[in-house]
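Trainee: Please take me closely through one part of this model. I'd also like to hear how far I can trust what I see there.

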Amino acid sequence: MSHIAVERNRRRQMNEHLKVLRSLTPCFYIKRGDQASIIGGVIEFIKELHQVLQALESQKRRKSLSPSPGPSPRTLQPNFHQLDSSSIIGPNSFKELGASCNSSVADVEVKISGSNVILKVISQRIPGQVARIITVLESLSFEVLHLNISSMEETVLYQFVVKIELGCQLSLEELAMEVQQSFCSEAITML
């Protein structure tokens, strides 16, 4: 009898927790009322909240790098942060390696995850910028497998998953700088 009571108590607690999760999550994330749908919807909602948090943190960093309202592209000084010393891109790189190149215009982070490159770019909304980034990636012989774009007000987060081609010897820093340069060329043409 006590085992049945314990199980009923667990189910009651689970239903209460699911009700709370469902009430905190916008309805369009939850397709059905079953447990799996509720949990899946909450996970998707948390992922989006995490992306918004990253965009806000990047926006805060960019503001601290550039107190003036309009950065001058000629004085743009990218700030590199190497996450690992052996950061040559290659198809046999299975541990996670990365580098970032930040400026007042955009924050670019490049990581190797398995046989793919994960590229995250946070910047102000610039018309046509995603096409310029894709052009840079394609000119460097990368194939875009997936693109996720999240935005909040004037800040945009681009997340690319790109395939590493065989024989690629480009460093992560070089890739980050090439993507960063796509923002610099846009800023110069806007002057």
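Mentor: Let's start with confidence. Among the elements of the chain, H1 has the highest mean pLDDT, 90, while strand S1 (residues 79-82) has the lowest, 44. Here pLDDT is the predictor's own confidence in each residue, on a scale from 0 to 100, and the elements are DSSP runs numbered from the N terminus, with helices (H or I) needing at least four residues and strands (E) at least two. Over the chain, the mean pLDDT is 76, and 77% of the residues reach 70 or more.

Before we zoom in, a bit of housekeeping. This is a predicted model, so local features need pLDDT of at least 70 and side-chain atom pairs count only at pLDDT 80 or more, while totals for chains, interfaces and linings use all residues. Residues are numbered from 1 along each chain as its sequence is written, and side-chain values use heavy atoms, with hydrogens and water left out.

Now the weak spots. Residues 67-95 stay under 50 in pLDDT, though the model gives them 69 contacts beyond four places in sequence, a contact being heavy atoms within 4.5 Å. Residues 187-191 are also below 50, and that stretch has four contacts beyond near neighbours in sequence. Where pLDDT is low, don't read the predicted coordinates in detail.

So to the close look: helix H1, which spans residues 2-24. Put Glu7 in the middle of your screen. Its side chain meets that of Arg10 in a salt bridge at 3.5 Å, N to O, and a salt bridge here means a side-chain nitrogen of Lys or Arg within 4 Å of a carboxyl oxygen of Asp or Glu. Glu7 also meets Arg11 through their side chains, this time at 3.8 Å, N to O. The spacing is worth a look too: Arg10 is three residues from Glu7, about one turn of the helix, and Arg11, also in H1, is four residues from Glu7, again about one turn. Together, Glu7, Arg10 and Arg11 are linked in a network of salt bridges.

How open is this spot? Glu7 has 29% relative accessibility, so it counts as partly exposed, whereas Arg11 counts as exposed because its value is 56%. For those labels, buried is under 20% relative accessible area, exposed is over 50%, and partly exposed is in between (1.4 Å probe, protein chains only).

For context, a search of the whole structure finds six salt bridges. One of the others to click on joins the side chains of Glu109 and Lys111 at 3.6 Å, N to O. Glu109 counts as partly exposed because its relative accessibility is 27%, and Lys111 is partly exposed too, at 24%.

That pair takes you to the strands. S3 (residues 106-113) pairs with S2 (residues 97-102) in the antiparallel sense over six bridges; two strands pair if DSSP finds at least two bridges between them. Three residues sit between S2 and S3 in their hairpin, and Cys101 has Val108 in S3 as its bridge partner. On the other side of the story, S3 runs antiparallel to S4 (residues 116-124), with eight bridges joining them. Ile112 is partnered by Val117 in S4. The S3 and S4 hairpin has two residues between its strands, and Gly114 in the turn has a positive phi of about 65 degrees.
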